[in-house]
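Q: Please take a close look with me at one part of this model, the packing of its aromatic rings, and then work outward to the backbone and helices. I would like one connected account rather than a list.

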Amino acid sequence: MPVRYIDIHTHRRRADALCVVSYGLGRDAVPADPGRPFSAGIHPWDAAGAGPTELAGFLDYLRRAPLAAVGEAGLDYIHGGDRATQAVVFRAQCTVARERGLPVIVHCGRAHNDLFPILEEFAGVYFILHGYTGSPELTRRLLGAGCCFSCGERSLASEKTLRSLESVPTGRIFAETDEASAPVAEIYAGLARAKGVALEPLAAAIEANYIKVFG
């Protein structure tokens, strides 16, 4: 039976996988018909541009659009600007996700200590750390907080992340290409090697995760 590949965070729709295409509000020109499935959110790099009027408009879009997920959204203390503003914008998006029963695709740049209180505040929401490159210790904490992990090229190129993935159940793993040109099948193959499992059961687990988390 052929493997069904699922790419939960990408910026292009491809024929070789079911793709959740990501759009940044205030950053991308979101088409009137973006196709399905898709996600949308205010990237932390753009939080400073989401004043009260803009934020209200973006949140209205998130409340009514036929989204598969909110995001990418989150905190970035490397490039993201004012931290308090980022937190306000992120919490507002998490509120919409909770209202709609949607998962959140999380971008987190060296801001995990401030991420954990938000994860606790919005317990019950599925949070997926995208492009994950965390250490084994951080991974254990995020597992305890109920998070899922989406892996791409950078994940598989990081020795500490490969060590981290050893402790991550397949029931918490997703695959993504983000902006990379390589097919998501290559990410699946790398994840299977990292987990020491065959490709077919891994793909079946990721499909089950997608059905559970994305509905």
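A: Happily: what follows starts with the ring pairs, moves on to charges over rings and the backbone, and ends with a pair of helices.

A word on the ground rules first. This is a predicted model, in which local features need pLDDT of at least 70 and side-chain atom pairs count only at pLDDT 80 or more, while totals for chains, interfaces and linings use all residues. Residues are numbered from 1 along each chain as its sequence is written, and side-chain values use heavy atoms, with hydrogens and water left out.

Searching the whole structure turns up five aromatic pairs. To pair, rings of Phe, Tyr and Trp (its six-membered ring) need centres within 6.5 Å; planes under 30 degrees apart are stacked, over 60 edge-to-face, and the rest tilted. Tyr-23 and Phe-38 make an edge-to-face pair, with 6.1 Å from centre to centre and 75° between the planes. This pair links distant parts of the chain, as Tyr-23 sits in strand β2 (residues 18-24) and Phe-38 in strand β3 (residues 38-41), 15 residues apart. The element names come from DSSP runs numbered from the N terminus: helices are H or I with at least four residues, strands E with at least two. Tyr-23 is buried, at 13% relative accessible area, and Phe-38 is buried too, at 1%. Buried here means under 20% relative accessible area, exposed over 50%, and partly exposed in between (1.4 Å probe, protein chains only).

Further along, Tyr-132 and Phe-149 also pair edge-to-face, because their ring centres are 4.8 Å apart and their planes stand at 65°. Tyr-132 belongs to the loop between β6 and α4 and Phe-149 to strand β7 (residues 148-151), so this pair ties together parts 17 residues apart in sequence. Tyr-132 is buried at 4% relative accessible area, and Phe-149 is buried at 0%. Elsewhere, ring pairs join Phe-174, Tyr-210 and Phe-214 into a cluster.

Rings also meet charges here. The charged end of Arg-83 sits over the ring of Tyr-77, 3.9 Å from the ring centre; this calls for NZ of Lys or CZ of Arg within 6 Å of the ring centre and within 35 degrees of the ring normal. Arg-141 likewise places its charged end over the ring of Phe-116, 4.0 Å from the centre. That Phe-116 is one of the buried residues of helix α3 (residues 112-121), alongside His-112, Leu-115, Ile-118 and Leu-119. The cover over the buried residues of α3 includes β4 (69-76), α2 (83-100), β5 (104-109), β6 (127-129) and α4 (136-144), where contact means heavy atoms within 4.5 Å.

Now for the backbone. Most residues other than glycine have a negative phi, and most peptide bonds are trans. Against that background, Arg-36 and Pro-37 are joined by a cis peptide bond with omega of about 0°, and Pro-37 lies in the loop between β2 and β3. Another cis peptide bond, with omega of about 20°, joins Gly-71 and Glu-72; Glu-72 is part of strand β4. Arg-110, although not a glycine, has a positive phi of about 50°. Its place is the loop between β5 and α3, and Arg-110 is exposed at 70% relative accessible area. Asp-178, not a glycine either, has a positive phi of about 55°. Asp-178 lies in the loop between β8 (173-175) and α7 (184-195) and is partly exposed at 22%.

That loop leads to the helix pair. α7 packs with helix α8 (residues 199-214) at an angle of about 110°, their axes 9 Å apart. This makes α7 roughly perpendicular to α8. Axes are lines fitted to C-alpha atoms, for helices over the stretch in contact, with angles from 0 to 180 degrees between N-to-C directions; under 35 degrees is roughly parallel, over 145 roughly antiparallel, 65 to 115 roughly perpendicular, and the rest oblique. From α7, Tyr-188, Ala-189, Leu-191 and Ala-192 meet Leu-199, Leu-202, Ala-203 and Ile-206 of α8. The residues of this contact divide into eight nonpolar, no polar and no charged, where Ala, Val, Leu, Ile, Met, Phe, Trp, Tyr, Cys and Pro count as nonpolar, Asp, Glu, Lys and Arg as charged, and the others, Gly among them, as polar. Within α7, Ala-192 is buried at 8% relative accessible area. Leaving aside residues up to four places away in sequence, Ala-192 touches Val-197, Ala-198, Leu-199 and Leu-202.
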